[in-house]
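Here's a quick briefing to read with the model open beside you. Take a look at the fold before going through the points.

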Amino acid sequence: MKLFLDSSKVDEAKRWMPVIDGATTNPTILKKDGSDIYEFCKMMDPKPVSVEACGDFITEARQYAKDIPNAIIKIPLLKPYGGDNLQIIKELAEEHISINCTALFNLSQVILAAKAGARYCSLFIGRIDDEGVDYKLAIEDCVRVIDLMYRTNTTSELIVGSVRSVGQFLDAVRAGSHIVTVPPSVLEKLVEHKFSRATVQMFEEDSQSLKQVVGSA
Ligand code: E4P
């Protein structure tokens, strides 16, 4: 399983660099973080960063792909006000631009995104959970079908995103996700444990007192 950071903050990416294989961003994250996407991608290079195209999807996608060597271009399956981006995904994939098809909510959308040529398919499990739908089942289904599709030369990986808790993260890993993208706040909860902290404090204090005993002998 690969782990991505769902953030555009340079300091957070540096903090988590030992364990992350890449990062994912979207316009809402960029607005919240106040980040410069070019600066962020440069710092992450050569690890991949998902950068979302908006407005004129095909023009923005080509521009980001030209300017940022490690960019994976995020294209939503659906256009904001009607229609879909399947044709655009296919064209960009044929130009060897790596696409992360985003804002996917179920297996049928994932299948179509993969068939159109998306290198990554992003399933938004936190938002699925918000609706009361079984996100674990959705992940298991998507992973199984994407793995089956490899047999017919469809080479996508499932990114599980919109992860808001440790429980959702662990569920995503257990369900066999190819990639899970996690915000810094959740990563912080994954690493911390009060008993680990208490244990190493005890060892540290005992080590110091041992040194004093040896030193005074
Ligand atoms: C992932 O690629 C998405 O950008 C992100 O996880 C969305 O998360 P949210 O549903 O918490 O906004």
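What follows covers the overall build, the barrel, the core and the ligand shell.

This is a predicted model, where local features need pLDDT of at least 70, side-chain atom pairs count only at pLDDT 80 or more, and totals for chains, interfaces and linings use all residues. Residue numbers start from 1 along each chain, as its sequence is written. The chain has 11 helices and eight strands; these are DSSP runs numbered from the N terminus, with at least four residues for a helix (H or I) and at least two for a strand (E).

**Overall build**
- The C-alpha trace spans about 80 × 35 × 30 Å along its principal axes.
- Of the 217 residues, 38% count as buried, meaning 20 or more other C-beta atoms within 10 Å of a residue's own, with C-beta atoms placed from the backbone.

**The barrel**
- Eight strands close up in the order E1-E2-E3-E4-E5-E6-E7-E8, with parallel pairing; two strands pair if DSSP finds at least two bridges between them.
- On average, neighbouring strands are turned by 30 degrees against each other, direction ignored.
- E4 (residues 71-76) and E5 (residues 99-104) pair in the parallel sense over four bridges, and Pro-76 has Thr-102 in E5 as its bridge partner.
- Helix H4 (residues 57-67) lies across E3 (49-52) and E4, running at about 170 degrees to E4; angles run from 0 to 180 degrees between N-to-C directions, using axes fitted to C-alpha atoms, for helices over the stretch in contact.

**Core and helix packing**
- The largest nonpolar core has 55 residues, and Ile-73, Ala-113 and Cys-121 are among those with the most contacts inside it; such a core is a set of buried Ala, Val, Leu, Ile, Met, Phe, Trp, Tyr and Cys residues joined through C-beta atoms within 7 Å.
- Helix H8 (residues 135-149) gives this core its largest share, six residues.
- Leaving out residues up to four places away in sequence, Ala-113 touches Leu-77, Ile-89, Cys-101, Leu-104, Ala-118 and Cys-121; contact means C-beta atoms, placed from the backbone, within 7 Å.
- The axes of H5 (residues 86-94) and H6 (residues 107-116) come within 8 Å and cross at roughly 35 degrees.
- Leu-86, Ile-89, Lys-90 and Ala-93 of H5 meet Leu-112, Ala-113 and Ala-116 of H6.

**Ligand shell**
- Residues around the ligand include Asp-6, Asn-26, Ser-122, Arg-127 and Thr-181, each counted if its C-beta atom, placed from the backbone, lies within 6 Å.
- Strand E6 (120-124) and helix H7 (125-130) each supply at least two residues of this shell.

Conventions
Contact = placed C-beta atoms within 7 Å. Buried ≥ 20, exposed ≤ 12 C-beta atoms within 10 Å, placed from the backbone.
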